[in-house]
Amino acid sequence: MTATLRKAQIGKETTHGDSVAATTRLLGKFTHKEVPEFDEVEEHTGMLSKHIRAATKTGTIAEIGREGTFTFEQAPYFLGMCIKGGVVGEQVDASAAYRWAYERNLSGVNDPDSYTWEIGNAVQAFKTKFGLGKSLEVGGVSNKLLTLKCDMFGQDFSKCNFTPALSLPVVEDAVTRKTGLYLDDTAAALGTTQVSSTLLDFNWKLDTGMIPDDCCDGELWFTDFTEVSTMITLEMTFKFNNGANLEYEKYYDKQPRFMRLITQGSEIEPGYAKSIKLDACFDYRDWGALEEDNGRDTVKIKMESLYDPTWGKEWLIEVVNALSTLP
């Protein structure tokens, strides 16, 4: 069976763990597997055989992975699973553009969106409920498309039939070279100072901090989850020029940096374009040695997000597209 016949589709759950029919197809490359836990008995049997009884399944979880390009239209599904649920598109200045803003609540529960997944191929489809995000990565390499990688988990997998007649979505990919890097000293100046001719690649990663609970609720799968503290890690490669040298001084002096990465897409209407914006307060954690790439000096940098009391935030993600609601 050819791998191109694989597909994944999802439906947003009204109540976590209550199965719903799929309402939309997702694009990308997907993996899925069920990971069971087993316990087994060790006992005296009067025999040299180690096992005389099969192990018993004591728990299970469904794992789903997605790799592919970052699209302005489908990114909000993964952001809702990984960061915060209930986000709606807000119309921008009476235009045809809608802003989807994701900011993690740092002092309370975020209640992410959960989805019922249908995933498989033309031979067999499988369903899992209570689908949440485990980790999310947005990455970019010059001359390539922006990427989005997401690892997710659900309760368990059961055989199903795909919800029929769901059309392939119309999407737009984000292009890495249309990304601008901005670094400033204060939250008030965030997005003011562009660092030009410097950024070569980046990888922005969030471990969501969502952990499935293993409470005893009469099932082999989780029925609730817990959120723990987490942060954004950002790795970048800079061409070592004057802009990078100025940032090295900030690293050396241990100054927090207010960073914006913004990638523009096509124009929705005059003055309004599709975009993905990654804002954060960062602390430099590592500044690598000079390396060589295509005859130029480069340096790899690692940063970790930091809560800023003046800003009242640690990080913020905004996607602008032409969708008032998600299909």
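**Exercise 1. The cavity lining**

Task: Sort the residues that line the largest cavity of this predicted model into nonpolar, polar and charged.

Solution. Step 1: The count to arrive at is two nonpolar, three polar and three charged.
Step 2: List the lining, which consists of Val 41, Glu 43, Thr 45, Ser 49, Lys 50, His 51, Ile 52 and Arg 53.
Step 3: Val 41 and Ile 52 go into the nonpolar group. Glu 43, Lys 50 and Arg 53 go into the charged group. Thr 45, Ser 49 and His 51 go into the polar group.
Step 4: Add the volume: the largest cavity holds about 50 Å³ of space. A search of the whole structure finds one cavity of 30 Å³ or more.

**Exercise 2. The largest pocket**

Task: State which strand gives the largest share of the lining of the largest pocket.

Solution. Step 1: Begin with the volume of the largest pocket, about 490 Å³. Its lining has 26 residues, and the closest to the centre of the pocket are Ser 142, Thr 198, Leu 199, Leu 200 and Asp 201.
Step 2: Find the strands that each supply at least two lining residues: β11 (179–184), β12 (199–207), β15 (232–239), β18 (291–293) and β19 (296–305).
Step 3: The largest share, four residues, comes from β12.
Step 4: By residue class, the lining of this pocket divides into six nonpolar, 12 polar and eight charged.

**Exercise 3. Thr 128**

Task: Decide whether Thr 128 is buried or exposed, and describe its surroundings.

Solution. Step 1: Locate Thr 128 in strand β8, which covers residues 125–141.
Step 2: Its relative accessible area is 1%, and buried means under 20%, so Thr 128 is buried.
Step 3: Leaving out residues up to four places away in sequence, Thr 128 touches Ala 62, Ile 64, Tyr 115, Thr 116, Trp 117, Gly 154, Gln 155, Asp 156 and Phe 157.
Step 4: Look at Asp 156 in that list: its backbone oxygen lies 2.8 Å from a polar atom of the Thr 128 side chain.

**Exercise 4. The whole chain**

Task: Give the number of helices and strands in the protein chain, then describe the chain as a whole.

Solution. Step 1: The protein chain has two helices and 20 strands.
Step 2: Its C-alpha atoms fill a box of roughly 75 × 50 × 45 Å along the principal axes.
Step 3: Of the 327 residues, 44% count as buried.
Step 4: The chain exposes about 16800 Å², with 48% of this supplied by carbon and sulfur atoms.
Step 5: Among contacts with a separation of 6 or more, 72% join residues 24 or more positions apart.

Definitions and conventions. Residues are numbered from 1 along each chain as its sequence is written. This is a predicted model: local features need pLDDT of at least 70, side-chain atom pairs count only at pLDDT 80 or more; totals for chains, interfaces and linings use all residues. Side-chain values use heavy atoms; hydrogens and water are left out. On a 1 Å grid over the protein atoms alone, a cavity is a set of points where a 1.4 Å probe fits but cannot get out, and a pocket is an open set with protein on both sides within 12 Å along at least five of seven lines; lining residues have an atom within 4 Å of a point. Grid points are joined across faces, edges and corners, and a volume is the space filled by probe spheres set on the points. Buried means under 20% relative accessible area, exposed over 50%, partly exposed in between (1.4 Å probe, protein chains only). Contact means heavy atoms within 4.5 Å. Accessible areas come from the Shrake-Rupley method with a 1.4 Å probe; for residues, only the protein chains shown count as cover. A polar contact is a pair of N or O atoms within 3.5 Å; within protein, one must be able to donate a hydrogen and the other to accept it, and residues adjacent in sequence count only if both atoms are side-chain atoms.
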